[in-house]
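Here are my notes on this one, as promised. Have the viewer open while you go through them.

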Amino acid sequence: MLQFYRVKLSTNAERVALALAHKGLKVESIWVPYEDRSEVRRVSGQDLVPVLVDDGKVVIDSMEIVRYLEEQDLTTASQRNPTLPAMDLRIINQELVHAKELVQSVMEELRRAREKQEN
Ligand SMILES: N[C@@H](CCC(=O)N[C@@H](CS)C(=O)NCC(=O)O)C(=O)O
């Protein structure tokens, strides 16, 4: 099972908690005291949380953990059904930004054309 090292009231740890919940993953939460990081240091070689341990693989930094979870999920999803492209939420988000820019530039062109017609 995944092990999740966290402290209370840490927004970075909560980001990881939300990502884990979103993915529906079971974890063992290991709550460490804010003032004693010896266990975190022993496991990860540094003091900050969140830290995720996946079968011996240690991942530090909340966004690195989110990326790691996304990559693992995509790998598992494409193994489940290799004929279906896995949906990567990060890429979908980029595509949405591009689509929005495209729509804005088309609207701008139309506005200019209308202005030209009116004058
Ligand atoms: N960039 C890191 C920052 C990690 C971080 O600053 N964690 C805080 C808790 S939110 C911490 O462990 N602070 C303890 C300290 O600075 O000694 C991440 O996103 O995970």
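**Notes on the model**

1. Confidence first: within the chain, H3 has the lowest confidence, with a mean of 78, while helix H2 (residues 38–44) has the highest, at 98. The score is pLDDT, the predictor's confidence in each residue, from 0 to 100. For the chain the mean pLDDT is 85, and 81% of its residues reach 70 or more. This is a predicted model, so local features need pLDDT of at least 70 and side-chain atom pairs count only at pLDDT 80 or more, whereas totals for chains, interfaces and linings use all residues. Residues are numbered from 1 along each chain as its sequence is written.

2. Overall layout: the chain holds four helices and four strands, in the order β-α-β-α-β-β-α-α from the N terminus. Helices (H or I, at least four residues) and strands (E, at least two) are DSSP runs, numbered from the N terminus.

3. The start of the chain: strand S1 (residues 2–6) and strand S2 pair in the parallel sense over five bridges; pairing needs at least two DSSP bridges between the strands. Phe4 has Ser29 as its bridge partner in S2. S1, H1 and S2 form a right-handed β-α-β unit: with the strands pointing away from the viewer, the path from the first strand over the helix to the second runs clockwise.

4. The hairpin: strand S3 (residues 51–54) and strand S4 (residues 57–60) pair in the antiparallel sense over four bridges. Leu52 sits opposite Val59 in S4. Two residues lie between the strands of this hairpin, and Asp55 takes a positive phi near 50 degrees.

5. Burial: buried residues account for 13% of the 119 residues in the chain. Buried means 20 or more other C-beta atoms within 10 Å of the residue's own, exposed means 12 or fewer, and partly exposed is in between, with C-beta atoms placed from the backbone. S2 (residues 27–31) is hardly covered, with zero buried residues among its five. Glu70, in helix H3 (residues 62–80), counts as partly exposed because it has 16 C-beta neighbours inside 10 Å.

6. The ligand: residues around the ligand include Asn12, Asp47, Pro50 and Ser62; a residue counts as near if its C-beta atom, placed from the backbone, lies within 6 Å. Helix H1 (11–23) and H3 are the elements that give two or more residues to this shell.
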